[in-house]
Amino acid sequence: MKKTGAQILVESLVAEGVDTLFCYPGGATLYITDALGECEIRQIVVRHEQGAVHASDGYARASGKVGVSLVTSGPGATNTVTGIATAYMDSIPLVILSCQVNTALIGNDAFQEADIVGITRPCTKHNYLVKDVKDLARIIKEAFHIARSGRPGPVLVDIPKDVSANMADFKYPDKIHIRSYQPTYFGHPGQIQRAMRQIASSKRPVLFTGGGIILSGASQELTKFAEALSIPVTNTLMGLGGFPGNNDLFLGMLGMHGTYAANMAITESDLIIAMGARFDDRATGKTDEFAPHAKVIHIDIDPTSISKNIKVDIPIVGDTKNVLHKMLDILAEEKDLFKGFQASTSEWLKKVAKWKKDFPLTYQKNGGLKPQYVIEKIYGLTKGKAIIATEVWQNQMWAAQFYKFLKPRTLLTSGGLGTMGYGFPAAIGAQAAFPKSLVIDIAGDGSIQMNIQELATAVQHKLPVKVVILNNGYLGMVRQWQELFYEKRYTWTCLPCPDFVKVAEAYGAAGYRIDKEKDIDKVLKEAFGNNQPTFIDVHVDPGECVYPMVPAGASLKDMLLV
Amino acid sequence: MRHTISVLVENEFGVLSRISGLFSGRGFNIESLCVAETLDPTISTMTIVTTGDDAIIEQILKQLNKLINVIKVIDFRDTDYVSREMVLVKVNADEKTRAEILRMVEIFRGKIIDVSPKTYTIMITGDEEKLRAFLALVRPLGIKDLVRTGPIAMARGDKTVKTKEKQPKGGNEDG
Ligand SMILES: Cc1ncc(C[n+]2csc(CCOP(=O)(O)OP(=O)(O)O)c2C)c(N)n1
Ligand SMILES: [Mg+2]
């Protein structure tokens, strides 16, 4: 039986197991919107297309499934670009369905035409323009496959309006065949052996792990491996949650705002075992002085990440979970290999433990209400069981430092692009995936205003996300740089805020304000317990800075402490 | 260092801009780029001449391979290969110089493909050095116009490029 493109699309999404769609309508979506009207997929209509993509991204990060959004042509499509670039930098599997003007009009500067395939080419893993309705089902199948396989990423499919109206025979393909795309999942056995020998002969090893551990679902294997050999672990921002934040072997995050112990361990290590991390400049500091005494083993599914920023001695291309399995097998089979290992690394473990003890993350407790204290309270109240989204910078760094992420997929944060306005819609997406979980966006007064309109979405769809605004009355991180490096000239960074409680109430959400330390417990408890989307406007010490800090371009050992 | 890379790609709309966008977006150089269909009409070859140190070339090869539409990337660094380019050059030619030009064209096994009262249009094929030598010879006569194809390349001997698909594989020794 023949079906319209719109029906084919809807049935294809159902066949892919899509249960939630984040969307916004327009002229070019009409056939599809109409076809979606009668299907079981939950449709969350947002208030800005950027919000749709971030929400689908939060859904994907929290659940591990592909996040899906659908928008109209022209401005609808261009509004998605920041969301797509955010997901691309952090390797998040998304399918973005953009609608397009009629095929006959493409290239004519038609009303609401934008070359979104051209615009998003450098920030998608792949993208498609569907020119014939006969190709639609195959392309949808490929898009989902490409988004979730290998190193995941966003895939955009542009669907002209006439394609959504035209008829074709429909059968959703059950097989996929892309001759030019075959990711490498299994590491080279010889390389894995070499790596294990290198580990066995190391005296000061560190595991340095990133978002790849979370994407491949390898946290259990990582924990097992680290514990079996007592190797300390540091995470990148994207890697947090990939190793339990309360484990004794955990050093905390490394890099620009990393812990003293993590940055010193990297600096003095003789072997870095990097897994699913891409040696971003915020993590490495000055690359020439990164881990100057160490050999580097690097396990990553994406060969382009290997030896891109840091020269690698033993590269292993493969899925971190598979490679860790193999490494655990070798551990079990070749007991002799690691006979003297514990003895030869014991000095190192003592040294690392001393760094942790002597230089823990801390902050000055006098003065006003401290944002770090607020995060500690949130951790205490949630016992690390909440899903935490963040906005960008001070709020994000304090969340990364003072909340202990115990499980993978409990931190949703824009690591690579650093997108202000990401956290709130991402939290909405995560809440849609896990209606019963407590989902908290740790926000800044600046960032929250970049997608504040999504409060209407949260209220409409009864998604009781909690937004804790660490309100310092500044674009805090920029202010911090101005304080430290531009002689306290706070140009552009002190912006008046609206009354966030009133804003929340105007949208039909709940709003609270906290000014004093003593109110925190009571208000947070009440706010976390209510069943409504909620803003909690916490007026924190405006002068607080994030420490430790490695100034841009400096080496990791040159941290400014509190 | 200059390097020649051949890339087999799906003969599809948009692929060229994916490749050129990769080079411009990541700050890699393209000295020349030559694209045409292969024996199999669903596949095109792009021959790219680029410059960079070993680390950059390594990144270029990996990044090209990562593109979904790229079927195979051939790096000629460790291969014995032949490479040829064609140039069309229009030079001043009057009674005094015509005979001399004809002789040079013959020596370089080129062809005169168009004649006007004041010019010759010459076609020469060869490797980079040969073309450079020829152009140096005709330059004093006055070059009016010049177009080059950019080189294309092929491995020497029996070696052929198999357009067999990428295989799911274990990583190789060099990652
Ligand atoms: C979309 C976007 N624009 C600009 C920036 C640059 N930027 C980074 S942090 C920041 C200030 C953030 O202020 P706020 O949300 O109040 O967070 P705070 O650092 O005060 O916690 C700015 C402007 C950015 N990261 N993203
Ligand atoms: Mg702020």
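Tutor: Two strands pair if DSSP finds at least two bridges between them, helices (H or I, at least four residues) and strands (E, at least two) being DSSP runs numbered from the N terminus. The model is predicted, with pLDDT of at least 70 for local features and 80 or more for side-chain atom pairs, while totals for chains, interfaces and linings use all residues. Residues are numbered from 1 along each chain, chains are lettered from A and ligands numbered from 1 as written, and side-chain values use heavy atoms, without hydrogens or water.

Student: Which strand does β9(A) join through three bridges?

Tutor: Strand β9 of chain A covers residues 205-209. Its residue A:Phe208 has A:Thr234 as bridge partner. The two strands run parallel, and the partner, residues 233-235, is β10(A).

Student: Which residue of β12(A) stands opposite A:Thr209?

Tutor: Five bridges join β9(A) to β12(A), residues 271-275, and the two run parallel. Opposite A:Thr209 in β12(A) stands A:Met275.

Student: Which residues of β9(A) point the other way from A:Pro205, A:Leu207 and A:Thr209?

Tutor: Five of the five residues of β9(A) are buried (under 20% relative accessible area, 1.4 Å probe, protein chains only; exposed is over 50%, partly exposed in between). Both directions therefore hold buried residues. A:Pro205, A:Leu207 and A:Thr209 point one way; the other way point A:Val206 and A:Phe208.

Student: What is the relative accessible area of A:Tyr486?

Tutor: A:Tyr486 lies in the loop between α20 (476-485) and α21 (500-507) of chain A. A:Tyr486 is partly exposed because its relative accessible area is 47%.

Student: Why is A:Lys525 called exposed?

Tutor: A:Lys525 belongs to helix α22 of chain A, residues 520-529. A:Lys525 counts as exposed because its relative accessible area is 55%.
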